[in-house]
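Student: I should like to take a close look at one part of this protein, namely the surroundings of the ligand. Could you please describe that part and then relate it to the rest of the chain?

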Amino acid sequence: MQRRSVGTGARRDAFPALHTCAFRQDDDTDFGAVTWYINVMSTYRLLRLSPLHVPLMRKFHGLFGRAFEDPQTYETAPPTDAYLKQWLDRDHLIALAALNAETVIGGLVAYELDKLERARRELYIFDLAVEEPWRRKGVATGLIRLLTDLGKSRNVCSVYVQADKDDSPAIALYDKMGIGRDVLHFDLETPASGV
Ligand SMILES: CC(C)(COP(=O)(O)OP(=O)(O)OC[C@H]1O[C@@H](n2cnc3c(N)ncnc32)[C@H](O)[C@@H]1OP(=O)(O)O)[C@@H](O)C(=O)NCCC(=O)NCCS
């Protein structure tokens, strides 16, 4: 899968109320852990990762490498613990994990952008994946809803994400949650990229 050759963009401008699902704050866990029960047989926990969660963050590399069929990008040069700790310590960088017991079954990485035209923010979902056996159980929906929920207190006016034209599961997911826009994506050449 060519993750970056994007032709379709699903973008939410209006930041409508998506917060209708039953998130429950889990008092037993630290760092804003949230539990969302899908049904009695299939429970998982959603967690915003903090600097104490470097080992969990490391599991994202395997998850994304498998899901995007791109182990080269995600697994061959993993950053140091210090880098990941610093990353997780930044307010505008967001990593959300879906956990079944201690196993990461889904992950979302988003970047918050401080806008200039008004004092407001946008969120860009850069990576989102769910382990295959856990798909179609609402895990990705739950991760996105938690993200939009976190955005409420940070004046986030828009959440957007890109999908490959042939990624029908992602397109179906985003179509359900927002409005798709047909745009072109360009990777611009830089001295370091060798594009
Ligand atoms: C795309 C992906 C993240 C969806 O995760 P998920 O947890 O299965 O999604 P959800 O269960 O929350 O799906 C919500 C809705 O999206 C739609 N949807 C999701 N996967 C679908 C599929 N394979 N076919 C059709 N519709 C699908 C459905 O409307 C679904 O609701 P329903 O199950 O009640 O019908 C997952 O398929 C995945 O990890 N794919 C590989 C990585 C990837 O492409 N990531 C997106 C990068 S932009």
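Tutor: The description below begins at the ligand and then moves outward to the rest of the protein.

This is a predicted model, in which local features need a pLDDT of at least 70 and side-chain atom pairs count only at pLDDT 80 or more, while totals for chains, interfaces and linings use all residues. Residues are numbered from 1 along each chain as its sequence is written.

The ligand is surrounded by 19 residues, where a residue is near a molecule if its C-beta atom, placed from the backbone, lies within 6 Å of it. The closest are Arg135, Ala140, Thr141, Pro169 and Ala172. By character, the shell holds twelve nonpolar, two polar and five charged residues; here Ala, Val, Leu, Ile, Met, Phe, Trp, Tyr, Cys and Pro count as nonpolar, Asp, Glu, Lys and Arg as charged, and the others, Gly among them, as polar.

At least two residues of this shell come from each of β7 (121-130), α4 (139-152) and α5 (168-177). Helices (H or I, at least four residues) and strands (E, at least two) are DSSP runs, numbered from the N terminus. The largest share, five residues, is supplied by α5.

Strand β7 also pairs in the parallel sense with β8 (residues 156-163), over five bridges; two strands pair if DSSP finds at least two bridges between them. Within this pairing, Tyr124 has Tyr160 in β8 as its bridge partner. The chain passes from β7 through α4 to β8 in a right-handed β-α-β crossover, that is, with the strands pointing away from the viewer, the path from the first strand over the helix to the second runs clockwise.

As for the wider setting, the protein has five helices and nine strands. Of its 195 residues, 27% count as buried, meaning that 20 or more other C-beta atoms, placed from the backbone, lie within 10 Å of a residue's own; a residue with 12 or fewer is exposed, and one in between is partly exposed.

The largest nonpolar core has 39 residues, such a core being a set of buried Ala, Val, Leu, Ile, Met, Phe, Trp, Tyr and Cys residues joined through C-beta atoms within 7 Å. Among those with the most contacts inside this core are Ala97, Leu143 and Leu147. Apart from neighbours within four places in sequence, Ala97 is in contact with Leu47, Leu49, Leu56, Val104 and Gly107; contact requires C-beta atoms, placed from the backbone, within 7 Å.

Notes. Contact = placed C-beta atoms within 7 Å.
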